[in-house]
Amino acid sequence: MSGRLRFVLGDQLTRALSSLSDLDPDRDVVLMVEVAEETRYVRHHKQKIAFLLSAMRHFAKDLTAQGIRVDYVTLDDPNNTHSFTGELARAIARHTPDMVVVTEPGEWRVWQMMQDWRTAFALPVEIRDDDRFFCTRDDFARMTAARKTTKMEYFYREMRRRTTILMAGAAPEGGQWNFDRDNRKSLPRGVVPPPRRRFAPDDITRAVMTLVEARFGDHFGDLQPFGWAVTRTDALAALDHFITDCLPGFGDYQDAMKTGEDFLFHGLISPYLNCGLLTAPEVCARAEAAYHAGNAPLNAVEGFVRQILGWREFVRGIYWTEMPGYAQTNHLDAGRDLPAFYWTGQTSMRCMADCIGTTRRNAYAHHIQRLMVTGNYALLTGIAPAQIEEWYLAVYIDAFDWVELPNVHGMVLHADGGRTGSKPYAASGAYIDRMSDYCTGCAYDPKLKIGPKACPFNYLYWNFMIGNEAVLARNPRMAMSYRTLQRMDPARRADILRSAADFLAQQDEGQSAYNGPQQPRLDNGW
């Protein structure tokens, strides 16, 4: 072979990927590998493994149909070395290429591995930028140096200007940048979310599901029913369905939660974006077109665009500018073990049980369930960052290190001291009661503040505020809560601390389910 070996990872399933952009079908070979190294250390949800393996196999099939030579190593290949480096070495020996071409990965560990390839192999290894994002790693670093990334909102506005998405000349469409205040409604009675389009497994997916059940049957989560798109064609159909049927109601109810409604009006396209079946520019373009055609209101479209052009780009930039030390920060000195019910869902707190239940069923929960229920509980109870971060990485189908780590470490836990969000997103049971129906029929009462029947989120909230007063009291966004705390009767403070201590002692007593991590975080390539 006198061509190039193009190594494509499992979250790079995009035909226009930079490492494939100048591919010569007559001379080049695409390498794709399923390796145990990338599934062994984080016990991923069974649907997540099945989704990625099936999407990879379909992508390889599509490339082959285009006349491209694909060297594909399956997980059950008896000669599989089960590491990226080992499989790349075997492929180099098979094909004797002139050089290796890769696109930069989504994880720091794999980035370091790629640097090692440049000295480990006796041929050039070209690492190209991942141009599927609006903002390159270098550009974000320059913006950080210019203090344009101190807050997501500032970064988001700059990206709106650069891309002209939802802009009317130099001004934002509708006269304001952010319609978040319009997007905080609970779901009224009588509002029924649309039925969601799901995709029946084909022969390839069914074979993968059999493999997953055999090899990962003891992992968290239900494997069936499986309804995720695993091809570019079906991912586009899922996008069409969201834009047409769900986006009009997305804005008003994007923060709402309802028992038995796993998806509401949410996009369900983050898995496709994060593995490459869809791209951020095309998704934003479709949403903007729906607004200009009069098919979706501005508050819905802006809220959706902000999640992609704003948050998604922002957390990726933080990941690459702050790693590798970022994951080791622990601003609030949290260290409690992860409770067993995060895996079992067996808890009397109905909100936690429901959010963990939808996670088990679907490998998915929407952003408010992740931030304000399971995340809020982890924050208030001081769960060790590495433990809850591993949980989020394992259980969600769209979780890759670059997006999961800043969202959980920074947004959920405030472990980065405010690099991602300007304050901890701590809330009492009143927020959950206002935004959901979870409190109806719960064993705990959100109206009670202390005692055995009180909603744990109530006294845990004030216990968190008291315990972190020295660190958080000077934060201007926490000022109102701390003024309330200063006026609180000492006896009431003592009752809060006692209720929280009793509850946490019961949780801690023999209920931890955490046994790792024993190895580095490995999640990028499949």
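Which residue lies over the face of F133, and at what distance from the ring centre? In this predicted model, the residue is R316, placed 3.9 Å from the centre of the ring. F133 also takes part in an aromatic pair, with W402 as its partner: the ring centres are 5.3 Å apart and the planes stand at 90°, so the arrangement is edge-to-face. The two residues come from distant parts of the chain, 269 residues apart. F133 belongs to the loop between β5 (125-128) and α4 (137-145), whereas W402 belongs to helix α15, residues 401-412. Both partners are buried.

The F133–W402 pair is one of 29 aromatic pairs in the model. Elsewhere, ring pairs join F341, Y342, Y377, W391, Y392, Y396 and F457 into a cluster. A charge is found over one ring of this cluster too: the charged end of R370 sits over Y396, 3.9 Å from the ring centre.

F133 and W402 appear again when the internal voids are examined. The model holds 4 cavities of 30 Å³ or more, and the largest of them has a volume of about 160 Å³. Its lining is made up of 17 residues, of which D130, R132, F133, R312 and W402 are the closest to the cavity centre. Two elements, α8 (270-275) and α10, each give two or more residues to this lining. Helix α10 is the largest contributor, with 3 residues.

The helix that carries W402 deserves a closer look. Is α15 largely enclosed by the rest of the structure or largely exposed? Of its 12 residues, 11 are buried, so α15 is largely enclosed. The buried set consists of D401, W402, V403, E404, L405, P406, V408, H409, G410, M411 and V412, and thus takes in charged side chains such as D401 and E404 alongside nonpolar ones such as V403 and L405. These buried residues pack against four other helices, namely α8, α10, α13 (367-381) and α14 (385-395). Two of these packing partners, α8 and α10, are also the elements named above for the lining of the largest cavity.

Just beyond the helix comes H414, in the loop between α15 and α16 (429-435). Its phi is near 55°, a positive value in a residue other than glycine. H414 is buried, with a relative accessible area of 3%. Residues up to four places away in sequence aside, H414 touches H331, L332, H409, G421, S422, K423, P424 and L472; H409 in this list is itself one of the buried residues of α15.

A second non-glycine residue with positive phi offers a contrast. R147, with phi of about 60°, lies in the loop between α4 and α5 (152-163). With a relative accessibility of 63%, R147 counts as exposed, whereas H414 is buried.

The backbone also contains cis peptide bonds. One joins Q224 and P225, with omega about 0°, and P225 is located in the loop between α6 (203-216) and α7 (232-253). Another joins M323 and P324, with omega about 10°; here the proline lies in the loop between α10 and α11 (341-344).

Attention now turns to the nonpolar interior. In soluble globular proteins, nonpolar side chains tend to be buried together. The largest nonpolar core of the model comprises 114 residues, and the members that touch the most others are W117, L247 and Y272. Helix α10, spanning residues 298-322, supplies the largest share of this core, 12 residues. For W117, the contacts outside its neighbours within four places in sequence are F7, F84, T85, L88, V102 and V125. A second, separate core contains 62 residues, including F341, M349, L371 and L504. F341 is also a member of the aromatic cluster described above.

Taken together, several of these features meet at a few elements. Helix α10 gives the largest share of the largest core and the most residues to the lining of the largest cavity, and α10 is among the helices against which the buried residues of α15 pack. F133, for its part, has R316 over its ring face, forms an edge-to-face pair with W402, and is among the residues closest to the centre of the largest cavity.

Note on methods
Residues numbered from 1 in each chain as written. Predicted model: local features only at pLDDT ≥ 70, side-chain atom pairs only at ≥ 80, totals over all residues. Heavy atoms only, no water. Phe/Tyr/Trp six-rings, centres within 6.5 Å; stacked < 30°, edge-to-face > 60°. Buried < 20%, exposed > 50% of the residue type's maximum accessible area, 1.4 Å probe, protein only. Lys NZ or Arg CZ within 6 Å of the ring centre and 35° of its normal. Core = buried A, V, L, I, M, F, W, Y, C linked by side-chain atoms within 4.5 Å. Contact = heavy atoms within 4.5 Å. 1 Å grid on protein atoms, 1.4 Å probe; cavity = no way out; pocket = protein on both sides within 12 Å on 5 of 7 lines; lining within 4 Å. Points joined across faces, edges and corners; volume = space filled by probe spheres on them.
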